[in-house]
Amino acid sequence: MNIMKKKGGGCVVGKKIVLILIDSLMPHILREAQERELVPALSLMMSRGAYWNNCATIFPTMSASVDASLITGVYPEEHRIPGLVWYSRKERRIVNYINGSKSVWRIGVKKCTQDVLIEMNEKHMSRDVSTLFEEVTRRGKTSASFNFAAHRGPHYYRVQKPGLSKLFLAGLLSAQVSGPEICTVGKFIDSTFLRSLRWNFSHTIFHKYGLNDRFAVDAVCKLIREGKLPHVTFVYMPDMDYAYHRNPERGPQILARADRYIQRLLDSFGNADEAFKQCKFIVVGDHGQTKIGIEKEATINVEQHLLGMKIARAENIQPEIDDIVICNNERMCYFYPLKEGVQQETVKRLLMDLRIDILAWKEGRGVWIGHGGQTLFFAPGQDIHDQYGRQWKAKGDFSIIDAVLGENPEDGTPVISFGRYPDLFSRLYGALYAQEGEVIVATAQPGCEFFTPSDPVHRGGASHGSLHEMDSIVSLIITDESPDRFSKPRIVDIKSYILRDLC
Ligand SMILES: [Zn+2]
């Protein structure tokens, strides 16, 4: 049933879809790796379809919010996953989907594991939006998710505690978590498929119990060899992120390791031609990364700006006593004022630090942005179109967001073009309105990141989280596709693209 015939919006009849997400896949690293002939499998995929070096991701540029947007096709204001670390006013606690071993230790390993394994999919992600895996089932097709953090679907799996993790996770709810027909989160959820995988070192505590490239690729290769690949398969490869954080100078070599796994995946079909005959491949990044300076000033110590305020302790928040909660997402930071007047005072103090790139806060159903002495306000409206087809009203200094207001040559309607901060209005609005109550967002200038005690620092390495294009633009490869399918692709476009293509 592999009829090579295009139908409607790019559907190639009979082909299965395999999406591979390489964490931190960036266009400039891919280009450099190609020039040095380090990535033959990715180069082959690019030659068999289309490549975009301008795919805009979600804000904050952290995997949790990006994964949720990828599988729901909407911005965070609809799916309600605001970042990797955020404050739940309802539960009066910080939600941490595992970032930073010290802060996870303070909040509690069990609590954070429960958040990422269970609550994110079953509780935090809005039930008003559907996931790709749910939609695929509704169409009578099958799907698989290998190690995606966001994987809500129609089937239920029991959470398990592999090996020594029992020591840290004692008391973790033996709850069920949902997913597609085939679903792995390393060895943390139990399934018939997982039990059939042959053991190797990638399953052990030393390799995060299967939350690594080898485990995910081994699993999908097994399905391919057995001829059991479902209609849609998502494969998450995290290793590039870990390695690039520490050693950004070796980006092309780090990507070459991911490429060797992708080559193995293609070879498991017998050969690459057979792989392309049976499948359409989508390869995409989730966010970029920006190098962080080695000097002390590269880390913005936000608590120093809030001297005199009662900053909540991550492990024990007391809204009656505390003034403010801080949630550090590396190159972006959330501030949650708990008392009247604290938002105004926090904004005033943070605006003085010019290492803060964009400072934004909710007000009047819109968003205020400040930098130095300039401000800009925007809100959903009908006055201005952006390059992605959404409509807004805005007033103020557009230069602080590197945007230009022009006119559509055909009908004269005002159009805003974003520069260094791609898709800025939708992304910033999405992060702020994913949450109830007052929220302030700060992003760091290139070369800098935020510092709060217990959270990871990457001085001399790289990190991400901000709205800047370095963190926000990812590579997108789609085989059997033409470059004119998208002029400015976004992560939120991929779900509807796959569903249209499913035939
Ligand atoms: Zn990272």
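Is aspartate 241 buried or exposed? In this predicted model, aspartate 241 counts as buried, because its relative accessibility is 10% and buried means under 20%. The legends below start from that residue and then move on to other parts of the chain.

**Figure 1. Close-up of the zinc ion and its protein donors.** Welcome to the metal site: Asp241 appears twice among the donors, each time through an OD atom, and His245 (NE2) and His464 (NE2) complete the list. These atoms lie 2.1 to 2.5 Å from the zinc ion. Along the chain, the donors follow the spacing D-x3-H-x218-H. Aspartate 241 sits in helix 11 (residues 239-246), while histidine 464 belongs to the loop between strand 26 (462-463) and helix 17 (469-472), so the pair ties together parts that are 223 residues apart in sequence. Histidine 464 is buried too, with a relative accessible area of 4%.

**Figure 2. The angles at the zinc ion.** Take a moment here to look from donor to donor: the angles among the 4 donor atoms run from 54 to 151°. The site is classed as irregular. For reference, ideal angles at a metal are 109.5 degrees for four tetrahedral donors.

**Figure 3. The largest nonpolar core, with leucine 19 picked out.** This core has 79 residues, and those touching the most other members are Leu19, Phe234, Ile369, Ile401, Leu428 and Ile498. Helix 16 (residues 424-432) gives the most to the core, with 6 residues. Leaving aside residues up to four places away in sequence, leucine 19 touches Leu70, Phe148, Thr233, Phe234, Val235, Ile282, Val284, Ile494 and Ile498. Another core, of 47 residues, lies apart from this one, and its members include Ala33, Cys221, Ile254 and Ile477. In soluble globular proteins, nonpolar side chains tend to be buried together.

**Figure 4. The surroundings of alanine 444.** You will find alanine 444 in strand 24 (residues 440-444). With 0% relative accessibility, alanine 444 counts as buried. Arginine 331 is 113 residues apart from alanine 444 along the chain, yet 5.3 Å separates their C-alpha atoms. The contacts of alanine 444, not counting residues up to four places away in sequence, are Ile300, Arg331, Arg355, Asp357, Glu449, Phe450 and Ser466.

**Figure 5. The largest cavity and its lining.** The structure holds 2 cavities of 30 Å³ or more, and about 40 Å³ of space lies in the largest. Its lining is made of Leu350, Leu351, Asp353, Leu354, Ile356, Asp357, Leu359, Gly370, His371 and Gly372. Strand 18 (356-363) and strand 19 (366-371) each supply at least two residues of this lining. The largest share, 3 residues, comes from strand 18. Asp357, one of the lining residues, is also touched by alanine 444.

**Figure 6. The second largest pocket.** About 360 Å³ of space lies in this pocket. Of the 14 residues that line the pocket, Arg80, Trp86, Ser88, Lys90 and Glu436 lie nearest its centre. Strand 5 (85-88) and helix 6 (109-124) each supply at least two residues of the lining, and the largest share, 3 residues, comes from strand 5.

**Figure 7. Stepping back to the whole protein.** To help you place the close-ups, the protein has 18 helices and 27 strands. Buried residues make up 60% of its 503 residues. Among contacts between residues at least 6 apart in sequence, 70% join residues at least 24 apart.

Methods. Residues numbered from 1 in each chain as written. Predicted model: local features only at pLDDT ≥ 70, side-chain atom pairs only at ≥ 80, totals over all residues. Heavy atoms only, no water. Donors = N, O, S within 2.8 Å, 3.2 Å for Na, K, Ca; no water. Tetrahedral: all angles 85-135°; square planar, octahedral: opposite > 155°, others 65-115°. Helix = DSSP H or I, 4+ residues; strand = E, 2+ residues; numbered from the N terminus. Buried < 20%, exposed > 50% of the residue type's maximum accessible area, 1.4 Å probe, protein only. Core = buried A, V, L, I, M, F, W, Y, C linked by side-chain atoms within 4.5 Å. Contact = heavy atoms within 4.5 Å. 1 Å grid on protein atoms, 1.4 Å probe; cavity = no way out; pocket = protein on both sides within 12 Å on 5 of 7 lines; lining within 4 Å. Points joined across faces, edges and corners; volume = space filled by probe spheres on them.
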